[in-house]
Amino acid sequence: MKNDFLFSAFTDIRDDFIMEAEETMKNSKKKLPWKALLIAALIPILTVTAYASDFLNIRSLCSGRLHFNSSQYSDMGKAEKKAGFDLNVPETLGDYTFREVQVQDVNGLDEGDKRVLTYRETSITYQNKAGNMLFYHISPVQEDVPASDRAADQVREVNGVKLEYRMDQYWILPASYEETGLTQEMEEWQKLPGHYISYGSDQPEQKNMGFLSWEQDGLRYSLLDMDGKESADTLFSMATQLMTK
């Protein structure tokens, strides 16, 4: 599974929200919106999914120290100083408006859960009038942390830079499915590229997420549409706006 993608989704949720999501998994009577359930379902995946790295032997990623957080666009300069690299983040992106910026460590752990790599990632949250959220992430390129483990669904080039788009599909299932087992149809479904199954909802829920990534001047960029509302063309257009800002 695409670790940087999951980590991005994970780090955009406050620690107290994560704790609430974890509690939701233990208490089926307590209900949260699907995003909470999704994050809750992804928590165990984040801790066990492996990266292949011969040099640093990185086997998992986890969130680290939060260095900066603000809901004020005027604080972007402060965020940039904490990040240690240029951000050039617009206040509006398409029909989305800035909502929040975070600068946080990402820690790479080896098989013994020893930290062998730390770098900073900046996460910017945007939201449109319909309430849909878009997450924009920037971090230095880490050769030991691949951007993805599967081929892109679409690839385009903008000013000599390759942009890769992927649409991931998720089934979030009740815990009872772990006991009774998946149907043959679901077993075959999850074998397809970009198809993932996890557990934690009261009822089976299927969700799509769009993910666009590129690398430029030593930095890795990504746009995450957790609501799966935007088309690939829209995300490519947004990335072009970000690249030319």
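How many aromatic pairs does the structure hold? In this predicted model, the count comes to 6. A good place to start is with the rings of Tyr-136 and Tyr-221, whose centres sit 6.3 Å apart with their planes at 15 degrees, so this pair is stacked. Tyr-136 belongs to strand S5 (residues 133–140) and Tyr-221 to strand S10 (residues 219–225), so the pair ties together parts of the chain that are 85 residues apart in sequence. Both of these tyrosines are buried. Tyr-221 also has a stacked partner in Trp-214, with 5.3 Å from centre to centre and 10 degrees between the planes. Trp-214 is buried as well. Put together, ring pairs link Tyr-136, Trp-214 and Tyr-221 into a cluster.

Next comes the nonpolar interior. The largest nonpolar core has 33 residues, and Tyr-136 and Trp-214 turn up again among those with the most contacts inside it, along with Tyr-126, Ile-138, Leu-163, Leu-212 and Leu-223. Quite a few elements chip in: two or more residues each come from H4, strand S3 (96–109), strand S4 (115–127), S5, strand S7 (161–173), S9, S10 and H7. Of these, H7 gives the most, with 7 residues. In general, nonpolar side chains in soluble globular proteins tend to be buried together.

Leu-212 gives a feel for how this core is put together. Setting aside neighbours within four places in sequence, Leu-212 is in contact with Leu-163, Glu-164 and Tyr-165, with Tyr-221, Ser-222 and Leu-223, and with Leu-235, Phe-236 and Ala-239. Apart from the largest core lies another one, of 9 residues, and its members include Met-133, Tyr-196, Met-209 and Phe-211.

What about helix H7 itself? H7 covers residues 232–243, which makes 12 residues, and spans 16 Å from its first C-alpha to its last, close to the 16 Å expected at 1.5 Å a residue. Its buried residues are Ala-232, Leu-235, Phe-236, Met-238, Ala-239, Leu-242 and Met-243. Looking down the axis of H7, these buried residues fall within an arc of 160 degrees, so they line one face of the helix. Leu-235, Phe-236 and Ala-239, which are among them, are also on the contact list of Leu-212.

Strand S9 (residues 205–216) opens with a residue worth a look, Glu-205. Is Glu-205 buried or partly exposed? Its relative accessibility is 21%, so Glu-205 counts as partly exposed, given that buried means under 20%. Glu-205 and Leu-173 are 32 residues apart in sequence, yet 6.5 Å separates them in space, C-alpha to C-alpha.

Finally, a couple of loop residues have backbone angles to point out. Asp-217, in the loop between S9 and S10, has a phi near 50 degrees, a positive value in a residue other than glycine. With a relative accessible area of 75%, Asp-217 is exposed. Asn-88 also has a positive phi, near 50 degrees, and is likewise not a glycine. Asn-88 is placed in the loop between helix H4 (76–83) and strand S2 (92–93). Its relative accessible area is 45%, so Asn-88 is partly exposed.

Definitions and conventions:
Residues are numbered from 1 along each chain as its sequence is written. This is a predicted model: local features need pLDDT of at least 70, side-chain atom pairs count only at pLDDT 80 or more; totals for chains, interfaces and linings use all residues. Side-chain values use heavy atoms; hydrogens and water are left out. Helices (H or I, at least four residues) and strands (E, at least two) are DSSP runs, numbered from the N terminus. Buried means under 20% relative accessible area, exposed over 50%, partly exposed in between (1.4 Å probe, protein chains only). Rings of Phe, Tyr and Trp (its six-membered ring) pair if their centres lie within 6.5 Å; planes under 30 degrees apart count as stacked, over 60 as edge-to-face and the rest as tilted. The expected span of a helix is 1.5 Å times one less than its number of residues. The arc is that of the directions from the helix axis to the C-beta atoms. A nonpolar core is a set of buried Ala, Val, Leu, Ile, Met, Phe, Trp, Tyr and Cys residues joined through side-chain atoms within 4.5 Å. Contact means heavy atoms within 4.5 Å.
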